[in-house]
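Here's a short tour of a few local features. Have a look at the model first, then read on.

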Amino acid sequence: MSVISSKSERAPRDKRAKKSRIKRINSTTTILWRNFTFFALGVIAVIALVCYGILGNAVMSQTKRRVRAVGEDMTKAINDVRVPMDVIEKKIYEYSLMDGADVFIFAADGELLIPSSGLTPERVEEVYDSVKANTGEWKEGKINEFSTRDGKKTVFNYAVCINLRGTEPCKMLVRFPVSHIAESVRQIELYVLLVALAAFIVAFFISYSLANRLSRPIMDISNTAQKLAAGNYDVQFNSAQYAEIAKLSDTLNYMKDEIKKSDDFRKELVANVSHDLKTPLTMIKAYASMIKEISGNDPEKRDKHLQVIIDESDRLTGLVNDILSTSKISAGLEEPNKKVFNLTELLYGVINKFNYLQETQGYSIMVDVEPNLYTLADEGQIYQVVYNLVSNAVNYTGADKTIYISLKYNAEEKRVKFAVRDTGKGIAEEELAHIWDRYYRSKDSHLRPVKGTGLGLNIVKVILQKHSFAFGVTSKEGEGSVFFVDFPLA
Ligand code: ADP
């Protein structure tokens, strides 16, 4: 009682535990998708931040360098007495035009000497004052670099004292408004942000499709495995373009084939056992009961009944062996293990088994066999084939109790031809196609033969088909039958 109740209480808990365990396990697609997305996000964020942080500074310091270069170039030109003043003025004009850098040269008192025109006196004063406010004193030999605000605009300045061709010391100022550059940098930063966002959205979808593509073969395999688990052996694990998945598919296909073989074998065995084992067992039980109840004290009857039991036991043994062979072979568990062997010797081995019939029951086995004919096949299985055919000939031959066996090499066909002929009733035309079927017995054998199981020729057929050897029978009613097999010469 207690066991039952504890089990029934535990069941829902187990279910809940299992459910929560399953919930925590995410699908491959989700995991891959999530990881790819995080990775893409990280990479994009790093790139965006680097662009954001570095771009502005890089542009600004590049501009400062340019302003300094202009200032140094102008100083050099002015200090070089060989450069005429009109060339210097031209240079100033070019810098203003090409770089947007304004160059001013003031006299000591703040009067604008160069450029001589283009600026109002108020503007000149304004520029001069703004510079003065930032530099304090313009000392000779001292270079001042600083930023000023010109209205809303930022301006880079380069200020230095120079001597303008023998006159009293002058002051040179290079001005470079950078507001438009800062504006461009801001624009670029905005674009970087937008591109990063777009890249993230694209990465999000690409990650999904990539994760899906990677995990789909695994899902396919899982679905196929579920069908296989439900007992459908016709499924096929499809190969994918990934080596690992393809290998897994191959292994699973191999496993499936092996499971199918075992399952077929199991089904065959069950079917075969229930089909034919019951009869001899019933007979054995019936005769044993008869001995116990009726013939126990009658030696003659008892011996007869005991003989039936012995015969049925022999039959049972033969049957079990045949059933095992046929089931194994047709389920594919016993693939031919081919090697070269002496077929002539094998045939003599089989014939020797029937020697006792020649000695005790007057059978004659006429042999026409070439020595040392070799073939390539599964020796054990071929032994069974030859044994079954010879045994059938013995069982079904006519009153003369003679059978004819031949084994010869046919050079034209390049085949070793084996034939076994009997002189029995032969096989009716309409039956010829069926004798190879499992459990088939001709309608003439309505009397239950002691040795026949109806499996012998089926075993022959399955083995020879597995070897791809030609075989067959020719028979004429009233004249007997010839069973033949063509072996390759090795
Ligand atoms: P069995 O154990 O009954 O002999 P087989 O599979 O060996 O089973 O043969 C199937 C049937 O084919 C036999 O029942 C018999 O009717 C027929 N058969 C086989 N060999 C011969 C033969 N040599 N002559 C006549 N009939 C044969």
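## Strands β6 and β8

Val340 sits across from Leu376 of β8. That's one spot in an antiparallel pairing: strand β6, residues 339–342, joins β8 over four bridges. Keep in mind that this is a predicted model.

Strand β8 itself covers residues 374–377, and its two faces differ in cover. Thr375 and Ala377 are on the covered face, while Tyr374 and Leu376 are on the uncovered one. As a rule, side chains in a regular strand alternate between the two faces of the sheet.

## Cysteines

How many disulfides turn up in a search of the whole structure? The count is zero. Cys161 is in no disulfide, and the nearest cysteine sulfur, in Cys170, lies 9.1 Å away.

Look at the pair from the other end and you get the matching story: the closest cysteine sulfur to that of Cys170 belongs to Cys161, and because the gap is 9.1 Å, it's too far for a bond. A disulfide would need the two sulfur atoms within 2.5 Å. Both residues are tucked away from the surface: Cys161 is buried at 14% relative accessible area, and Cys170 is buried at 2%.

## The cavity

There's one cavity of 30 Å³ or more in the model. The largest cavity has a volume of about 30 Å³.

Which residues line the largest cavity? They are Phe354, Leu357, Tyr363, Ser364, Ile365, Val394 and Ile403. By class, that lining has six nonpolar residues, one polar and no charged ones.

Terms used:
Residues are numbered from 1 along each chain as its sequence is written. This is a predicted model: local features need pLDDT of at least 70, side-chain atom pairs count only at pLDDT 80 or more; totals for chains, interfaces and linings use all residues. Side-chain values use heavy atoms; hydrogens and water are left out. Buried means under 20% relative accessible area, exposed over 50%, partly exposed in between (1.4 Å probe, protein chains only). Two strands pair if DSSP finds at least two bridges between them. On a 1 Å grid over the protein atoms alone, a cavity is a set of points where a 1.4 Å probe fits but cannot get out, and a pocket is an open set with protein on both sides within 12 Å along at least five of seven lines; lining residues have an atom within 4 Å of a point. Grid points are joined across faces, edges and corners, and a volume is the space filled by probe spheres set on the points. Ala, Val, Leu, Ile, Met, Phe, Trp, Tyr, Cys and Pro count as nonpolar, Asp, Glu, Lys and Arg as charged, and the others, Gly among them, as polar.
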